[in-house]
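Colleague: Before I rely on the terms used for this protein, I should like each one justified.

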Amino acid sequence: MLVVDDDAGFRGVALRILQGCGFRIAGEADSCATGMSAALDLQPPAILVDARLPDGDGVALARAMLALPWSPRVLLTSTDGDVAAQVENSHEGRSLPFVAKADLPNAPLTALLDGE
């Protein structure tokens, strides 16, 4: 599992939640550039991506990660409710699930990230 979010505090919370769900953490990143670099280096089976990153569009990054050769599961997150509507109204390729950051502790993460 790779976690890509520019907020170090949220990354820490997300890492604890994901580990509590049984995910092995491969790494973390704080931007689009470091996120894609880490994904290419680590080839994680699952990636959590913040929709709003300081150096680019996290939604575009998440879609690019969906297209990586090993087909990782990608979960998009944000505090911005408009992101959910943006993702729902887009029908490009594979599904890109979304969970609001506030809902992450109670979200069905195993189902969303393991494809169950």
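Modeller: The discussion below takes up salt bridges, burial and the nonpolar core.
This is a predicted model, in which local features need pLDDT of at least 70, side-chain atom pairs count only at pLDDT 80 or more, and totals for chains, interfaces and linings use all residues. Residues are numbered from 1 along each chain as its sequence is written, and side-chain values use heavy atoms, with hydrogens and water left out.

Colleague: Why is the contact of Asp 5 with Lys 101 called a salt bridge?

Modeller: A salt bridge requires a side-chain nitrogen of Lys or Arg within 4 Å of a carboxyl oxygen of Asp or Glu. The closest N and O atoms of Asp 5 and Lys 101 are 2.8 Å apart, so the pair meets that definition. The two residues stand 96 residues apart in the chain, and Asp 5, Asp 50 and Lys 101 are linked in a network of salt bridges.

Colleague: What makes Arg 11 buried or exposed?

Modeller: Buried means under 20% relative accessible area, exposed over 50%, and partly exposed in between (1.4 Å probe, protein chains only). Arg 11 has 12%, and therefore counts as buried. Its salt-bridge partner, Glu 28, has 43% and is therefore partly exposed.

Colleague: What makes a group of residues a nonpolar core?

Modeller: The members must be buried Ala, Val, Leu, Ile, Met, Phe, Trp, Tyr or Cys residues, joined through side-chain atoms within 4.5 Å. The largest such core has 21 residues; among those touching the most other members are Val 4, Ile 47 and Met 65. Helix 3 (58–66) is one of the contributing elements.

Conventions:
Helices (H or I, at least four residues) and strands (E, at least two) are DSSP runs, numbered from the N terminus.
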